[in-house]
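Biologist: Please take me through this structure by question and answer, beginning with the term on which the discussion of contacts will rest.

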Amino acid sequence: MENLDPLAITGIMFASMLVLMALGAPLAWALTICGIGSAYAIYGDGGLDLLISSTFSAMDNFLLVALPLFIFMGLVLQRSGITDDLFEMIHKLMGRLPGGLGIGTVVICALIAAMAGVSGAATVSLGIIALPAMLSRGYDKRLVTGTIMAGGALGFLIPPSVLMIIYAFLSRDSVGKLFAAGLVPGLMLAGIYIIYILIRCRINPTLGPPAEEQFTTSEKLKSLRFLIAPGLLIFTVLGCIIGGVTSPSEASAIGAFGALLIAAVQRRVSWDMLRYVMLSTTKLMGMLMWITIAAVFFSKIYVGVGAGMVVGELIEDYDLSPNLVIIAMLVAYFILGMFLDDFAIVFITVPLFVPIVKDLGFDTTWFAVLFILSMQSAYLTPPFGYNLFYMRSVAPKSITIVDIYWAALPFVALQILGLALVFMFPQIALWLPSLIF
Amino acid sequence: MAWVTRYLVAQDGLSEYVGRAISWLTVAMIGVLMIEIVSRYFLDAPTLWAHETSTMLYGAFCMLAGCYTLRHRGHVRSEVIWGALPERGRAFCDVLIFSSGAVVLAIFLKLSITFAAESWAVLEYSNKSMWQPPLYPIKTVIPIAVGLILLQSLAELLRALLTLLKIDYDDPRENEIESDIDPELLPSILDGDTAAAVDTKR
Amino acid sequence: DTTRLRFHTFMGTEIDPIIETFQDTVKEKSGGDLRVQVFHGGELVASDQLLEATSKGSIDIAHGVGSYWSGQVDIGNIEAGLPGGWTSLEEARAFFDSEPVDTILTEAYEEAGVVYLGKAYGHDYDLLTKEPVTSLEDLKTRKIRATSQIAKVLGSFDIPTVYLPAGELYIALSTGVIDGAIYGGPIEYEQLKLNETATHYTRLNMLMPGWTDTFIANPEKWNALSDEHKAIMEDAIAQYATDLNEWLAAGNQSVVDKGDVFEFSVLPEEDSKQLTVAAQEVWQEEADRSERNAKLIELLIENAKAQGRL
Ligand code: NA
Ligand code: NA
């Protein structure tokens, strides 16, 4: 068995994993079952011990301590009333502008993204708070649901980002550098959404009619106070990481602690809330950890077989253009994103793709941003897209699933536009990290 | 089939208890790191132990969380095909998955017991920093966590098997709704109509 | 019929030219019957799992450092290099080649379930700081990154130490989380681009070579090799070790020759001596861990006395 073609072995491994996944096996199970089978077939007993060393290395990593704490932080913020306050603020500031609430929603999404490590937090809370408010003011339902879903997906691109931490763990990049690289593309994408909303509402003002309520200047200025708490939190956490004051893990503790403080000031901390946050974090981390173990183990096996080298040689032999290889990978990400969970995709593909990206001479930080941009689309593409599910569960009955799919479509196109821009102009992603590091 | 129900209540209860107990480790991680930050920046006296302690808390927390996640059906799976199958079709897949999974977990358990035992045998310590803490406690967490997840997956296997064989039983978990969405933010989730639409994956 | 050996080093792709020579030599001398597949640091197992993985057979041969597994093998820290242990390559080599030391290492690794194959020698291992250092006194107000044995010695001078993985050194230095680090020599510091934030390189004259590597093999796999193949492997590993040391030496020299990368200075002789004396406490602590450690430390002391350092 040892002399079997590495590519054939890898092919069998992946095929059997996909079959198991299609049968509905939890990802961690699919990976471990195929991994154990292949490890034994290829290496004998010694191969099985790779499972233990993978387990211990996944447990013994200071970098990953940031994962549960950023998740914790996001969950606390969801309950802290920040979203309500921010929406009240944009309502006062921008309500009179055609499409103003839509634009404001994007701004809030970007702010929440800068505080939460996972996507989804913004979609759920804005779906509950902003969606009914905008619908009652006559906003177009497809435009607003699309805005909330796309804005919510910014959570992984604008730091902090749990997905980037996992990517960095697998590719051995610096978390701080990845965070810095995601910031500008994230703001750019938010800008693209805003411009899109402005243009649509300029052409057809009925899509986002201006609000009738008038507010005095002093009321408007006063509403800006709602920016203080989130502003401080964002400044501290991102400043600590991107400025390198503390390690990302320490910054995540500051963030979680700060979020608790904000919630306490708002008198929103309760035993119930704390228990909900702690248990949700536990449930999510149980999933992430067991996938991490399984995926690290699985990837060690195909790395051990030499699959990466063979794929690299193949690319060399066929003399493929490096850009074409990257585009092929991005297309693969787009297709995988329609059917798979983003964590599944990162664990399965990064150990396979990143060495090739390195061999081709590309910057892995840049590739990380392209990857995260693709994962944003994965949140919006049917049939499997988290933000579609979230929206469906929080939206009023007047919004059908067909509306939600149609609402997502133009924003997926905008995301692809953003992806193309970063692909053509890597400096969008690499400028900030090159400035700092 | 009252014994089945009693068994499932006990097994789900065990995983629930473990999950609730270890969920406090999140607060412990925040505390340890805050102590480090305060002593480094404000007292100019970095601790020796905070990094490794928080890492060990992390490792133990996440490993042990596995059974709680499984008990709450929180391990992400692709439902594109599986979800479209009829109930017994899904049960058939689950029997396949959780029975082969049990074999794999049993192997994992055996390996991890050896791994921990070897660490105990030499009273292994970590050599990363001057602190040099013992490593056998954290290594012992692995077999415990694997054992717990194995137990819970046997309960999942039994559920699937009974469904497949059309044997009627009372599932204590039947009326639970697993959702990612904060119930506080979404009271309507409690009415069945919306609940059906909620994705149950994480 | 071909035998394939999985060889795992703790080092990264920077030593690929040496690895390629190693692989080619083995293949050529064995007429293609013996092949080596090489994995870099962390590729298959984390560096601190190398011993375990070798004894279990996940990998066949490991190139690691004793301090990675000193939690499992009592002599690990001593053979990796204690402050004040040796001061030149020749001295270190003579020490490890001596019959009693070789016996102790062979026996310790046999107990840990692996075959001891031999040593490679590191190179410079000194202090890099943001501000110039003229004496140990200067360090008392600065935070230095150091691993456990060195940290203990610095600790006895009230110098605060921090442990950080190598990957975090750059950010930690550039932002002032630490003021300096003891991690390697000029070439390692330059590769980590630390010269962009810290340029003062102070030779401590505490330990040279600053670390030693160890080669270990899985007993089953090793004993299954023919005597001819064993000899080929032993020769090739010895050559690999020599190449590695020469590569480090040349690399360090090239950084010195560039002239503008670091400002080099030397810790006053008196201070270096103090470090060696303070290190005795660490030696004693290691000696107390086991009878075997006590024996090895005794040999180390004998050697230091013979060299006139103690
Ligand atoms: Na974020
Ligand atoms: Na999708």
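Modeller: Two residues are in contact when heavy atoms of theirs lie within 4.5 Å. The model under discussion is a predicted one.

Biologist: With that definition, which residues does Asn303(C) touch, residues up to four places away in sequence not counted?

Modeller: Asn303(C) belongs to helix H13 of chain C, which spans residues 291–306. Once residues up to four places away in sequence are set aside, its partners are Gly85(C), Glu91(C), Phe95(C) and Arg309(C).

Biologist: Is Asn303(C) buried or exposed?

Modeller: The cut-off for burial is a relative accessible area under 20%. The relative accessibility of Asn303(C) is 15%, so this residue counts as buried.

Biologist: How does the radius of gyration of chain C relate to the globule rule?

Modeller: Chain C contains 13 helices and eleven strands. For its 310 residues the globule rule gives 19 Å, and the radius of gyration is close to that, so chain C is as compact as a globular protein of that length; the radius of gyration is 20 Å. Along the principal axes, its C-alpha atoms fill a box of roughly 60 × 40 × 30 Å.

Biologist: What percentage of the residues in chain C is buried?

Modeller: Among contacts in chain C with a separation of 6 or more, 75% are between residues 24 or more positions apart. The accessible surface of this chain is about 12,100 Å², with 47% of it on carbon and sulfur atoms. Of the 310 residues, the buried share is 57%.

Biologist: How far apart are the centres of the positive and negative side chains in chain C?

Modeller: The two sets in chain C consist of 25 positive and 53 negative side chains. The distance between their centres is 3 Å.

Biologist: What pattern does chain B follow along the sequence, and what percentage of its accessible surface belongs to carbon and sulfur atoms?

Modeller: Chain B has six helices and zero strands, and read along the sequence it follows the pattern α-α-α-α-α-α. Buried residues account for 56% of its 202 residues. In contacts between residues at least 6 apart in sequence, 68% join residues at least 24 apart. The accessible surface of chain B is about 8,700 Å², and the part belonging to carbon and sulfur atoms is 68%.

Biologist: Which residues have the most contacts inside the largest nonpolar core, and which helix gives the largest share of this core?

Modeller: In soluble globular proteins, nonpolar side chains tend to be buried together. The largest nonpolar core here has 337 residues, and those with the most contacts inside it are Val162(A), Trp290(A) and Met233(C). The largest share of this core is 21 residues, and it comes from residues 271–305 of chain A, helix H14.

Biologist: Which residues is Val162(A) in contact with, leaving aside its neighbours within four places in sequence?

Modeller: Outside that range of neighbours, the contacts of Val162(A) are Leu67(A), Phe70(A), Ile71(A), Gly117(A), Val118(A), Phe156(A), Leu288(A) and Phe343(A). There is also a second, separate core of six residues, among them Val4(B), Leu8(B), Ala155(B) and Leu162(B).

Biologist: Which helices do the buried residues of H21(A) pack against?

Modeller: Helix H21 of chain A covers residues 427–436, and Ile428(A), Ala429(A), Leu430(A), Leu432(A) and Pro433(A) are buried in it. The buried residues of H21(A) pack against chain A helices H10 (175–203), H18 (364–378) and H20 (401–424).

Biologist: Is Ile12(A) buried or exposed?

Modeller: Ile12(A) sits in helix H1 of chain A, residues 6–22. The cut-off for exposure is over 50%. The relative accessible area of Ile12(A) is 53%, so Ile12(A) is exposed.

Biologist: What is omega for the cis peptide bonds at Pro160(A) and Pro209(C)?

Modeller: Most peptide bonds are trans. Pro160(A) lies in the loop between helix H8 (141–153) and helix H9 (162–171) of chain A, while Pro209(C) lies in the loop between strand S9 (200–203) and strand S10 (212–217) of chain C. The cis bond between Pro159(A) and Pro160(A) has an omega of about -5°; for the cis bond between Met208(C) and Pro209(C), omega is about -5°.

Biologist: What is phi of Leu123(B) and of Lys193(C)?

Modeller: Most residues other than glycine have a negative phi. Leu123(B) is located in the loop between helix H4 (87–121) and helix H5 (136–164) of chain B, and Lys193(C) in the loop between helix H9 (186–191) and S9 of chain C. Phi is positive in both: near 45° for Leu123(B) and about 60° for Lys193(C).

Note on methods: Residues numbered from 1 in each chain as written. Chains lettered and ligands numbered in written order. Predicted model: local features only at pLDDT ≥ 70, side-chain atom pairs only at ≥ 80, totals over all residues. Heavy atoms only, no water. Helix = DSSP H or I, 4+ residues; strand = E, 2+ residues; numbered from the N terminus. Rg over C-alpha atoms; globule rule 2.2 N^0.38 Å. Buried < 20%, exposed > 50% of the residue type's maximum accessible area, 1.4 Å probe, protein only. Areas by Shrake-Rupley, 256 points an atom, 1.4 Å probe, with all protein chains shown as cover. Lys, Arg positive; Asp, Glu negative; His and termini not counted. Charge placed at Lys NZ, Arg CZ, Asp CG, Glu CD. Core = buried A, V, L, I, M, F, W, Y, C linked by side-chain atoms within 4.5 Å.
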